[in-house]
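Here are a few exercises to work through with the viewer open. Try each task yourself before reading its solution.

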Amino acid sequence: MTDRPGYRHRLKAAASELGTMPGISHCTILHDDGCAIFQRQACNCIPDISIIPADGGSVLVIDASGQASKSSKQ
Ligand SMILES: [Zn+2]
């Protein structure tokens, strides 16, 4: 199966997991250098997505299928 480009569907898939995180978290979405989002178009890459709790807790990485897993870094 080819990974679907974009990030919104992945955040939606991980929503139940993200909803259990207390406090404030930062979400980083790192697009490829050639991603169309830099041309003001829809994302066409498979960006790296990390959720970083502001309190310094474990970082969550959301993979290409929307599965969230804890990681010290991505
Ligand atoms: Zn992108």
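The exercises go from the whole chain down to single residues.

Two ground rules before we start. This is a predicted model, so local features need pLDDT of at least 70 and side-chain atom pairs count only at pLDDT 80 or more, while totals for chains, interfaces and linings use all residues. Residues are numbered from 1 along each chain as its sequence is written.

**Exercise 1. Work out which pattern of helices and strands the chain follows.**

Step 1: get the elements, which are DSSP runs numbered from the N terminus (helices: H or I, at least four residues; strands: E, at least two). The chain has two helices and four strands.

Step 2: read them along the sequence, and you get α-α-β-β-β-β.

**Exercise 2. Check the radius of gyration of the chain against a compact globule.**

Step 1: take the radius over C-alpha atoms, and use 2.2 Å times the number of residues to the power 0.38 as the globule rule.

Step 2: for 74 residues the rule gives a value near 11 Å; the chain has 13 Å, which agrees.

Step 3: look at the extent too: the C-alpha trace spans about 35 × 25 × 20 Å along its principal axes.

Step 4: count burial (buried means 20 or more other C-beta atoms within 10 Å of a residue's own, exposed 12 or fewer, partly exposed in between, with C-beta atoms placed from the backbone). Of the 74 residues, 11% come out as buried.

**Exercise 3. Find the order of the strands in the sheet, and say which stand at the edges.**

Step 1: pair the strands; two of them pair if DSSP finds at least two bridges between them. The four strands form an open sheet in the order E1-E2-E3-E4, with antiparallel pairing.

Step 2: E1 and E4 (68–71) each have a single partner strand, so they stand at the edges with one side lacking a neighbour in the sheet.

Step 3: zoom in on E1, which is joined to E2 by six bridges. Isoleucine 29 has isoleucine 49 in E2 as its bridge partner, and threonine 28 stands opposite serine 50 in E2.

Step 4: check burial in E1: zero of its six residues are buried, so the strand lies largely in the open.

**Exercise 4. Place glutamine 39: is it buried or exposed?**

Step 1: find glutamine 39 in the loop between E1 (25–30) and E2 (48–53).

Step 2: count its neighbours. Glutamine 39 has 9 other C-beta atoms within 10 Å, so it is exposed.

Step 3: compare positions with isoleucine 49, 10 residues away along the chain; the two C-alpha atoms are separated by 20 Å.
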